[in-house]
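Hi,

Here is the structure I promised you. Have a look at it first, and then read on for what I found in it.

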Amino acid sequence: MGYTVEARKAGSDDRYTLISGCHLTSYIARGPKKNCQYEFRVRAQIVHGLSEPSKPSTPVTTADPVEEPEPEDHETAFAPLNVEIEPGSLFDKQYSLHEEVGKGRFGIVYRVTEKNSGVRRTAKIIKCIIAKDKEKVCEEVDITNSLRHPKLLQLGAAYERQREMVMVME
């Protein structure tokens, strides 16, 4: 599952695969030669095989790699923590809840701001109708506490309310 990104030099008939199984919606091509024009197209990898390719991109002229700017202080990732679940009332005291940024099967993700520092984070709010729902979230907190990798979001805090759990992520 994922995406396959294909490339070819502009004007050429020969295509080659840059990456297969990519799960992101953006990709930085590392293989093409600089100062050349390339066209790109994408295929979705689904259960039934590869989809038809997208329309080719307009020709892109490659250049020297650009260094990405450092994130602003309020956007930097925080050091991994061993998070303990706290009372839900603390979430309301520590964070301002803003707009919804995503919705999934188990919860809704909101943009939040830490009131004291102005640091922006996200908070996943999971409805917990039965006790087993809370147990699953507690298990997710435990698993997230044990995972350490620069490409994984880190858990910053977790809160328990009467009918929902809140997980604050970097």
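Lys124 is partly exposed, with a relative accessible area of 25%; here buried means under 20%, exposed means over 50%, and partly exposed is in between, using a 1.4 Å probe and protein chains only. Before going on: this is a predicted model, where local features need pLDDT of at least 70 and side-chain atom pairs count only at pLDDT 80 or more, while totals for chains, interfaces and linings use all residues. Residues are numbered from 1 along each chain as its sequence is written, and side-chain values use heavy atoms, with hydrogens and water left out.

Back to Lys124. What does Lys124 form a salt bridge with? Its partner is Glu140, and the closest N and O atoms are 2.9 Å apart. (A salt bridge is a side-chain nitrogen of Lys or Arg within 4 Å of a carboxyl oxygen of Asp or Glu.) Glu140 sits in helix α2 and Lys124 in strand β9, so the pair ties together parts that are 16 residues apart in sequence. Helices (H or I, at least four residues) and strands (E, at least two) are DSSP runs, numbered from the N terminus. Glu140 is partly exposed as well, at 30% relative accessible area. There is also a network: Asp92, Lys127, Arg161 and Glu164 are joined by salt bridges that share partners.

In general, side chains of opposite charge can pair when their charged atoms come close. How many salt bridges does the structure hold? The count is nine. Another one of them links Glu39 to Arg8, at 2.7 Å from N to O. Glu39 belongs to strand β3 (residues 37-46) and Arg8 to strand β1 (residues 2-9), so this pair connects parts 31 residues apart in sequence. Are these two buried or exposed? Glu39 counts as buried because its relative accessibility is 13%, and Arg8 counts as buried at 16%.

Glu99 and Arg111 make a salt bridge too, with the closest N and O atoms 2.9 Å apart. Glu99 is in strand β7 and Arg111 in strand β8 (residues 107-114), 12 residues apart, so to speak of "distant parts of the chain" fits this pair. Glu99 is partly exposed at 42% relative accessible area, and Arg111 is partly exposed at 27%.

Those two strands also pair with each other: β7 and β8 run in the antiparallel sense over six bridges (two strands pair if DSSP finds at least two bridges between them). Leu97 has Val112 in β8 as its bridge partner, and a hairpin of three residues joins β7 to β8.

Now zoom out to the sheet. Six strands form an open sheet, in the order β6-β10-β11-β9-β8-β7, with mixed pairing. Which strands stand at the edges? They are β6 (85-87) and β7 (95-103); each has a single partner strand, so one side of each is left without a neighbour in the sheet. On average, neighbouring strands of this sheet are turned by 30° against each other, direction ignored. For angles, axes are lines fitted to C-alpha atoms (for helices over the stretch in contact), and the angles run from 0 to 180 degrees between N-to-C directions.

At the β6 edge, β6 pairs with strand β10 (residues 155-160) in the parallel sense over three bridges, and Pro87 stands opposite Glu160 in β10. Helix α2 (residues 131-146) lies across β6, β9 (120-127), β10 and β11 (164-169), at about 20° to β11.

One oddity to look for is Asn35, which has a positive phi of about 60° although it is not a glycine. You will find Asn35 in the loop between β2 (16-22) and β3, and Asn35 counts as exposed because its relative accessibility is 60%.

Finally, the whole chain. The secondary structure comes to two helices and 11 strands, following the pattern β-β-β-β-β-β-α-β-β-β-α-β-β along the sequence. Buried residues make up 29% of the 170 residues. Of the contacts (heavy atoms within 4.5 Å) with a separation of 6 or more, 48% come from residues 24 or more positions apart.

Happy browsing!
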